[in-house]
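Open the model in your viewer, colour the chain by secondary structure, and keep a selection tool at hand. The tour below proceeds stop by stop, naming what to select and what is found there.

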Amino acid sequence: MKKNENSGQKQIYLKALKRKIWVSKELHREYFRGIDACRVRQWVHGRCGCPRHELDSCDMDCQTCPFCLGESTLSIDAEMITDWHPTTLDETVPDKTADVEEILMKAELLDALHYELAALEPEGRKMCELFMEGKSERESAKIMAIPQTTYNRHWQKVKKLLNRKLGKYKR
């Protein structure tokens with residue numbers, strides 16, 4: 001083909017055919033959009049060593065590419081490129097380890113709760129059990145076979161007692 005016939009067209013290398021074909025600029029752009037994004041990611045992570053004159057033959061198959069530099073190791077202190085500013089993995093990973101003091105406070109509260117529940121009268125314990133099962137006051141009164149107003153009055157007393165005994169554990 002003459003040079004004039006291919007104006008406005010670009011070439012794509014097809015590895016399966018082992019040759020280049022002429023396509024429109026739009027098709028060329030669409031074809032290389034994903035490939036370029038992948039190649040840039042590989043380059044940023046130090047895994048792509050494609051020379052500039054070989055970029056058109058890239059097909060994102062890094063496993064078979066002769067220019068693949070292999071797997072990179074990423075340190076938690078290595079600087080990463082983000083949209084906003086340089087950062088490290090250490091800054092982006094949330095610390096999910098619980099504070100030792102918080103764990104001890106929760107354990108102490110749980111021990112105190114078990115002790116106070118054991119010290120309650122059987123009726124108060126039953127009310128707490130029904131509450132923990134997610135029963136409403138109406139359902140609980142019906143299960144315990146007492147009027148709802150009586151249940152409500154006793155339930156208020158139990159909550160007040162537990163609040164007084166366990167109040168120091170509030171945040």
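Among contacts in the protein chain between residues at least 6 apart in sequence, what percentage join residues at least 24 apart? The value is 29%, and, like everything on this tour, it belongs to a predicted model.

**The whole chain**

Begin with the entire protein chain selected, in which six helices and four strands can be picked out. Followed along the sequence, these elements come in the order β-β-α-β-β-α-α-α-α-α. If you switch on a surface, about 13800 Å² of the protein chain is exposed, with 55% of that area supplied by carbon and sulfur atoms. Of the 171 residues in the protein chain, 19% are buried.

**The hairpin of β1 and β2**

Next, select residues 9–14 and residues 19–24, which are strand β1 and strand β2; the two run antiparallel and are joined by six bridges. To follow the pairing, show Gln 9, which stands opposite Ser 24 in β2, and then Tyr 13, whose bridge partner in β2 is Lys 20. Four residues lie between the strands of this hairpin, and there Lys 18 deserves a look at its backbone, since its phi is positive, near 55 degrees. As background for that stop, most residues other than glycine have a negative phi.

Staying in strand β2, centre the view on Ile 21. Is this residue buried, partly exposed or exposed? With a relative accessibility of 24%, Ile 21 counts as partly exposed, because the partly exposed class begins where the buried one, under 20%, ends. Display its contacts and, leaving aside residues up to four places away in sequence, you will find Ile 21 touching Lys 10, Gln 11, Ile 12 and Leu 14. For one of these, Gln 11, the C-alpha to C-alpha separation from Ile 21 is 5.3 Å, although the two are 10 residues apart in sequence.

**His 28 in helix α1**

Now move along the chain to helix α1, residues 25–44, and select His 28 within it. This histidine has a relative accessible area of 13% and is therefore buried. Which residues does His 28 touch, not counting those up to four places away in sequence? They are Lys 10, Gln 11, Ile 12 and Val 23; Lys 10, Gln 11 and Ile 12 are also among the residues touched by Ile 21.

**Helix α4 against helix α6**

For the next stop, select helix α4, residues 122–132, together with helix α6, residues 148–166. The axes of α4 and α6 come within 10 Å and cross at roughly 90 degrees, so α4 is roughly perpendicular to α6. Show side chains for the contact: on α4 it is made by Glu 123, Gly 124, Met 127, Cys 128 and Phe 131, and on α6 by Tyr 151, His 154, Trp 155, Val 158 and Leu 162. Colouring these residues by type gives seven nonpolar, two polar and one charged.

Within this contact, zoom in on Gly 124, a residue of helix α4, which counts as buried because its relative accessibility is 7%. A distance drawn from the C-alpha atom of Gly 124 to that of Val 158 reads 6.1 Å, across 34 residues of chain.

**Helix α5 and the loop to α6**

Keep α6 selected and add helix α5, residues 137–144; the axes of α5 and α6 come within 9 Å and cross at roughly 105 degrees. The two helices are therefore roughly perpendicular to each other. From α5, the contact involves Glu 137, Arg 138, Ser 140, Ala 141 and Met 144, while α6 brings Gln 148, Tyr 151, Asn 152 and Trp 155. The residues of this contact divide into four nonpolar, three polar and two charged. Tyr 151 and Trp 155 also appear in the contact of α6 with α4.

Finish in the loop between α5 and α6, where Ala 145 lies. What is its phi? Ala 145 has a positive phi of about 60 degrees although it is not a glycine. Its relative accessibility is 68%, so Ala 145 counts as exposed.

Methods. Residues numbered from 1 in each chain as written. Predicted model: local features only at pLDDT ≥ 70, side-chain atom pairs only at ≥ 80, totals over all residues. Heavy atoms only, no water. Axes fitted to C-alpha atoms, helices over the stretch in contact; angles between N-to-C directions. Parallel < 35°, antiparallel > 145°, perpendicular 65-115°, else oblique. Contact = heavy atoms within 4.5 Å. Nonpolar A, V, L, I, M, F, W, Y, C, P; charged D, E, K, R; others polar. Buried < 20%, exposed > 50% of the residue type's maximum accessible area, 1.4 Å probe, protein only. Areas by Shrake-Rupley, 256 points an atom, 1.4 Å probe, with all protein chains shown as cover. Pairing = 2+ DSSP bridges.
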